[in-house]
Amino acid sequence: MHGRPRKAPKPEDEAASAAKAQKLRALQTQFFSFHHDQIYTKEAVELSAKLLEINPESYTAWNYRKLAVEHYLSQPECDPDSVKSVLDDELKVVESALRQNFKSYGAWHHRKWVLSKGHSSINHELRLLDKFQKADSRNFHAWNYRRFVAELMNRSEQDELKYTEDMIYTNFSNYSAWHNRSVLLSALLEKKAEGFLLKENVLPEEYEFIHQAIFTDPDDQSGWFYNLWLLDQTVTTDSPLLVSTWPTCGSDVLIMGDGCQNGSFSPFTTLLSDSGSFPIILYFNQPVEGVNSSTVTIECGFDKNGYLHWEPLSVSNSQAAQVWVAHLKFPTPELDSSVEVRVGHSKGIISTRGFQYCHPSTFSFNVHVQHVERDSFQVSVAESILWREENFKIYRAQSEESIPIASFDQLCIKNGHESTASNWRTEALAKEIECFRELLSLMDCKIGKLTLARLLMAYDAMSFPFATKLVHSEEVLELYNDLMKLDPTHHRYYKDEHSLVLLQKMTSSKESLLQHCFQYKDSVSSVIGNLICLRLNNLSLSRIGAFEKLLWVQMLDLSHNELQSIEGLEAMQLLSWLGLGNNKLGSVTALEPLRKLKSLRVLDISYNQIGDHSIDTTRYLCSSPLSHSVGSELNKDETAIIDAALVNYLEAFYMLKDLNLNQLDIVGNTIADETFKSALVKIMPTLKRLDGKVLD
């Protein structure tokens with residue numbers, strides 16, 4: 001373990017081990033008898049101490065001693081002196097156990113429990129900790145216990161911060177000390193303690209401190225983790241910000257059905273809707289809660305009520321989300337009206353970290369509704385879409401045409417958001433970039449390249465928030481290419497980061513965005529023929545992002561990439577046509593974000609890897625299988641009426657039952673046999689085409 005080779009045991013060692021095991025079994029047998037019969041005599045308690053001296057990891061023995069102490073304290077003859085004596089004995093037992101194994105969870109928890117009784121002196125605790133931390137200065141149990149003791153002693157965070165500094169100077173590779181320093185600094189900055197009022201006065205000194213560790217031993221990860229924490233503290237704003245919306249500020253939105261001519265309206269702002277409503281989407285820079293009709297108000301000429309139900313777009317069914325949506329109903333007759341949305345003018349929107357939304361924002365747009373008969377509308381939504389190169393033509397934009405990315409820039413300016421790129425932040429990042437360029441000129445350091453890539457992206461985001469391109473994107477992409485070659489063990493992570501940077505680059509300007517905008521040729525529907533298809537195919541993408549700039553997209557081609565997940569796609573509420581063919585999606589549960597896309601009508605997931613593995617392990621990557629949202633919303637009555645033919649496809653039922661698909665392509669997946677296809681028809685009665693065939 002930890003790179004230490006195992007040695008073959010000697011005969012005498014095996015004999016000693018066997019004798020110890022025999023003694024342990026005898027003690028355990030007698031101990032469990034006492035525990036079962038609730039015997040708390042002096043003899044029984046002493047026997048548990050002997051057991052813990054041999055095996056400090058016996059949680060049952062520690063719990064037995066707690067019960068024994070509680071039993072003694074409940075006796076009428078118990079006085080303060082005897083209470084102190086009993087608890088002091090417990091501390092001695094813990095200390096003895098820790099000398100056998102000072103990483104014993106049970107021993108450290110028992111010591112906390114004893115001290116929390118309030119009858120023991122804590123003056124000895126720091127001296128004891130010094131002994132253990134000299135034996136192993138990185139023991140996180142000891143550091144965790146130290147925070148507990150410091151709080152009991154009312155020891156100041158400043159004193160503890162100085163202690164971490166001393167321990168770090170003793171050993172730069174002390175990850176636990178670096179971690180404790182980040183905990184202490186976070187607390188001091190949050191409470192704005194004297195000398196810690198402003199980050200700009202604290203963090204630059206911390207950068208200088210960490211440089212000593214990194215340049216002393218660039219291969220040690222301890223300092224790099226602390227440097228990453230400092231970078232997060234530098235670039236993260238406490239208060240949440242509204243970074244994008246749909247519709248965008250100042251836009252003219254045409255809501256129409258098939259057969260209508262869109263006149264002078266841009267296809268970027270033309271929405272095909274058959275629901276009698278359109279979505280309003282709010283995209284924040286971090287998860288928030290409290291978005292409701294009180295904190296977000298709507299004024300428009302056709303909805304005098306002004307009440308909207310806001311829904312968090314979270315696949316985990318959390319009440320906090322980065323993206324929120326509400327649907328505004330429009331009347332049947334054709335209309336032209338303006339809509340004004342006011343966000344955060346009343347308090348109540350709050351981040352998951354507890355910070356209030358402090359940037360009241362207002363954006364407005366114009367809505368033009370052209371109504372048609374539903375039968376005519378169905379021509380477009382039922383039309384077969386083939387995701388082939390020859391079916392698309394490059395879109396030629398008009399010179400003065402409204403492009404969503406321009407409106408996004410205007411939104412940020414018009415909302416009056418304070419720039420997060422204050423001088424100290426950009427200066428700190430610039431110094432760090434210079435520092436790590438120097439380091440990489442001296443050696444080929446993997447984690448140095450990764451840190452430089454993160455710094456460059458953060459610097460671009462702060463220094464050029466409304467720039468028409470990312471200044472350092474090419475350099476960052478090259479750094480990730482180098483890392484994929486240098487460190488193949490973490491190839492997947494670097495590939496994901498490379499994909500995110502590539503998408504940010506492509507969506508950062510009108511020019512780069514238009515290179516991927518196409519129109520569907522030879523469509524019988526004038527609406528589909530006029531809509532924009534954003535084609536991000538054949539880019540070797542392993543992850544998707546930049547959703548805040550893609551809220552306008554209704555037709556998206558992500559085929560022929562390397563996607564194993566579509567996490568975040570739920571933000572794109574306008575999506576009606578989605579191509580995911582020829583990727584690496586490995587399970588039906590990978591489609592979970594699609595459950596939030598109520599407008600989705602055409603879906604291509606052909607030639608993926610769905611069904612290759614009999615057990616979907618990806619669904620258990622969350623904290624607990626029980627926290628997965630798949631099927632959790634079903635009630636008993638709904639479960640009871642599931643068709644017998646669907647029992648073997650419950651995950652598919654949970655994932656797809658709420659979709660209103662007209663067309664689905666699933667050919668080329670292991671799961672896609674005739675039995676599964678028959679089940680799909682029952683799960684989604686709205687299907688008109690399956691794998692290119694018209695259904696009866």
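This report walks through the overall make-up of the chain and then a few of its helices.

## The chain as a whole

Please keep in mind that this is a predicted model. The chain has 696 residues, and 51% of them are buried. Its secondary structure consists of 22 helices and 19 strands. If you take the contacts between residues at least 6 apart in sequence, 68% of them join residues at least 24 apart.

## Helix H7 and its cover

Helix H7 runs over residues 140-152, which gives it 13 residues. From first C-alpha to last, H7 reaches 19 Å, close to the 18 Å expected at 1.5 Å a residue.

The buried residues in H7 are His 141, Ala 142, Trp 143, Tyr 145, Arg 146, Phe 148, Val 149 and Ala 150. Among the elements that cover them are helix H5 (105-115), helix H6 (123-135), H8 and H9.

## The H8 and H9 pair

Two of those covering helices, H8 and H9, also pack against each other. H8 spans residues 157-170 and H9 spans residues 175-190; their axes are 9 Å apart and meet at an angle of about 155°. Angles over 145 degrees count as roughly antiparallel, so H8 is roughly antiparallel to H9. The crossing of the two is left-handed.

On the H8 side, the contact is made by Glu 157, Gln 158, Glu 160, Leu 161, Thr 164, Glu 165, Met 167 and Ile 168. H9 contributes Ala 177, Trp 178, Asn 180, Arg 181, Leu 184, Leu 185, Ala 187 and Leu 188. Sorted by class, this contact has nine nonpolar, three polar and four charged residues.

## Helix H15 and its neighbours

Helix H15 covers residues 446-463. With 18 residues at 1.5 Å each, H15 should span 26 Å, and its end C-alpha atoms are indeed 26 Å apart, so the two values agree.

Buried in H15 are Gly 448, Lys 449, Leu 450, Thr 451, Leu 452, Ala 453, Leu 455, Leu 456, Met 457, Ala 458, Asp 460 and Met 462. These buried residues pack against four helices: H11 (221-235), H14 (423-442), H16 (473-486) and H17 (491-506).

## Glu 497 in H17

One residue of H17 is worth a look: Glu 497 lies in this helix. Is Glu 497 buried or exposed? Its relative accessible area is 17%, and buried means under 20%, so Glu 497 is buried. Leaving aside residues up to four places away in sequence, Glu 497 touches Tyr 480 and Arg 543.

Terms used. Residues are numbered from 1 along each chain as its sequence is written. This is a predicted model: local features need pLDDT of at least 70, side-chain atom pairs count only at pLDDT 80 or more; totals for chains, interfaces and linings use all residues. Side-chain values use heavy atoms; hydrogens and water are left out. Axes are lines fitted to C-alpha atoms, for helices over the stretch in contact, and angles run from 0 to 180 degrees between N-to-C directions. Angles under 35 degrees count as roughly parallel, over 145 as roughly antiparallel, 65 to 115 as roughly perpendicular and the rest as oblique. A crossing is left-handed if the near helix is turned anticlockwise from the far one by less than a right angle, and right-handed if clockwise. Contact means heavy atoms within 4.5 Å. Ala, Val, Leu, Ile, Met, Phe, Trp, Tyr, Cys and Pro count as nonpolar, Asp, Glu, Lys and Arg as charged, and the others, Gly among them, as polar. The expected span of a helix is 1.5 Å times one less than its number of residues. Buried means under 20% relative accessible area, exposed over 50%, partly exposed in between (1.4 Å probe, protein chains only).
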